[in-house]
Amino acid sequence: MATQVKYLRRAAAKLPAWHAARCLLPPRAFEQASSEACAAHKRIGGDTALDLTCGLGVDAAALARRFRRVVALERDPVLAAVAQENLRRMGIGNVEVLCTSAEEYLASASGRFDWVYADPDRRSAEGRKLVRLADCSPDVAALGPLLRRLSGRLCVKNSPLFDVDEAFASFGDCEVEVVSLGGECKEVVVYADGRPPRLTATALGLGSFTVLRGEADNTPCGGPFEPERWRWLVVPDVALRKARLACMALRGKACMWSNEGYAFASEEPRGAIGRVLAVDRIEPYDPKALRRELKGQGAELLKHDFPFTTAQIAARTGIREGGALRLAFTKIGSEFWTIRLKPLPLQQPTAS
């Protein structure tokens with residue numbers, strides 16, 4: 001009971017509809033499940049879908065809104081029963097949960113599906129996190145011939161650590177989409193349905209950037225670094241960084257010297273996928289000078305493409321992490337820089 005209360009509380013943010021329906025939430029299944037926002041973002045639809053890896057049922061519930069009928073496979077009998085009960089509590093009646101493994105089902109299945117969806121189990125028997133497709137269960141690549149017999153369209157959710165180049169190597173012509181939510185990379189999704197090879201970075205709530213794979217160009221777009229010129233700092237969203245598209249996505253909006261660093265602009269950039277922060281001034285990184293001036297003060301410390309962690313920066317400068325003051329640290333070429341950011345505007349009180 002205590003465990004359910006704990007995970008229901010956590011579900012309020014990750015799975016609000018499941019929280020509202022007071023669903024059953026086994027811990028491991030909850031941890032591995034997609035968030036509702038990510039599940040709803042999957043860009044597939046049609047008449048019928050096959051979900052190879054039902055788990056808690058979050059993705060199956062999202063598919064049920066896009067397909068007339070969904071067949072969801074779950075090899076664990078307890079989890080299969082939990083998924084069925086949760087879908088009932090949520091009033092979803094077009095998902096058929098079958099207690100079987102993907103391998104067993106595919107060995108004898110017939111008919112056709114518009115899409116096959118898979119979110120392979122990325123935990124070993126010992127609980128170790130797995131990233132390579134061949135190590136996950138089911139091995140989607142190995143099941144390729146059987147999957148193609150049932151459908152010409154495959155959507156695979158992969159670990160946020162999964163490399164985009166490996167996705168293209170494994171699936172050939174496909175679209176690879178890196179998805180982030182709240183500044184955190186959540187998943188790398190493959191859409192293998194014969195479309196031209198494309199690479200997409202999507203920050204849910206902020207926007208997307210897509211290029212044909214052969215046109216992806218992450219060449220740095222900055223000239224000489226002139227610290228007095230820059231009035232705006234852009235923190236590219238993690239989806240852009242993961243897809244190695246940050247420089248390309250921000251070209252024409254800001255200058256950037258490294259895909260791992262910050263972007264800078266003299267005019268406020270519009271439509272940038274990431275945080276846009278006003279710059280007070282930029283100066284060479286001098287920990288001794290910062291210690292003399294700011295020792296004991298609290299500050300929000302940001303850093304990208306910088307050799308020290310924020311904890312190490314705090315120790316070297318005597319600044320406490322956390323506070324209204326905001327400082328960013330980065331490296332441009334061989335030089336280290338401190339960016340002093342302007343305070344965030346105060347929230348205006350809401351009229352009652």
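**Exercise 1. Helix α13 and its packing**

Task: In this predicted model, find which elements the buried residues of α13 pack against.

Solution:
- Step 1. Start with the helix itself, which covers residues 310–317; its buried residues are Ile313, Ala314 and Thr317.
- Step 2. Look down the axis: these residues cover an arc of only 100°, so they sit on the same side of α13.
- Step 3. Now see what that buried set packs against: α12 (287–294), β14 (298–303), β15 (320–321) and β16 (325–332).
- Step 4. Finally, step past the end of the helix. Glycine 318 follows α13, and its phi is positive, near 75°.

**Exercise 2. The whole protein**

Task: Describe the protein by its helices and strands, its span and its buried share.

Solution:
- Step 1. Count the elements: the protein has 13 helices and 17 strands.
- Step 2. Take the extent of the C-alpha trace, which is about 70 × 50 × 45 Å along the principal axes.
- Step 3. Check burial: of the 352 residues, 49% are buried.
- Step 4. Turn to the outside, where about 16,800 Å² is exposed and carbon and sulfur atoms supply 52% of that area.
- Step 5. Consider how the chain meets itself. Among contacts with a separation of 6 or more, 64% are between residues 24 or more positions apart.

**Exercise 3. Two nonpolar cores**

Task: In the largest nonpolar core, find which residues touch the most other members.

Solution:
- Step 1. The largest core has 52 residues, and Leu50, Tyr105, Phe171 and Val176 touch the most other members.
- Step 2. Helix α11 (residues 246–250) gives this core its largest share, 5 residues.
- Step 3. Apart from this core lies another one, with 41 residues, including Met90, Ile92, Trp115 and Val179.
- Step 4. Zoom in on tyrosine 105. Setting aside residues up to four places away in sequence, tyrosine 105 touches Leu50, Val71, Leu73, Leu98, Thr100, Phe113 and Leu150.

**Exercise 4. Histidine 41 and its surroundings**

Task: Locate histidine 41 among the helices and list its contacts beyond four places in sequence.

Solution:
- Step 1. Histidine 41 belongs to helix α4, which runs over residues 36–41.
- Step 2. Beyond neighbours within four places in sequence, histidine 41 is in contact with Arg66, Glu177, Val179, Tyr191, Thr202 and Leu204.
- Step 3. Pick out Glu177 from that list. The side chains of histidine 41 and glutamate 177 are joined by a polar contact of 2.8 Å.

**Exercise 5. Salt bridges, buried or exposed**

Task: Sort the partners in the salt bridges of aspartate 193 with arginine 195 and arginine 270 with glutamate 268 as buried, partly exposed or exposed.

Solution:
- Step 1. Recall the idea: side chains of opposite charge can pair when their charged atoms come close. The structure holds 26 salt bridges.
- Step 2. Recall the cut-offs: buried is under 20% relative accessible area, exposed is over 50%, and partly exposed is in between.
- Step 3. Aspartate 193 and arginine 195 meet at 2.7 Å, N to O. Arginine 195 has 13%, so this residue is buried, while aspartate 193 has 23% and is therefore partly exposed.
- Step 4. Arginine 270 and glutamate 268 meet at 3.6 Å, N to O. Arginine 270, at 63%, is exposed; glutamate 268, at 35%, is partly exposed.
- Step 5. Follow Asp193 and Arg195 into a network of salt bridges, which links them with Arg43, Glu175, Glu177 and Arg198.

Definitions and conventions: Residues are numbered from 1 along each chain as its sequence is written. This is a predicted model: local features need pLDDT of at least 70, side-chain atom pairs count only at pLDDT 80 or more; totals for chains, interfaces and linings use all residues. Side-chain values use heavy atoms; hydrogens and water are left out. Helices (H or I, at least four residues) and strands (E, at least two) are DSSP runs, numbered from the N terminus. A polar contact is a pair of N or O atoms within 3.5 Å; within protein, one must be able to donate a hydrogen and the other to accept it, and residues adjacent in sequence count only if both atoms are side-chain atoms. Contact means heavy atoms within 4.5 Å. A nonpolar core is a set of buried Ala, Val, Leu, Ile, Met, Phe, Trp, Tyr and Cys residues joined through side-chain atoms within 4.5 Å. Buried means under 20% relative accessible area, exposed over 50%, partly exposed in between (1.4 Å probe, protein chains only). A salt bridge is a side-chain nitrogen of Lys or Arg within 4 Å of a carboxyl oxygen of Asp or Glu. Accessible areas come from the Shrake-Rupley method with a 1.4 Å probe; for residues, only the protein chains shown count as cover. The arc is that of the directions from the helix axis to the C-beta atoms.
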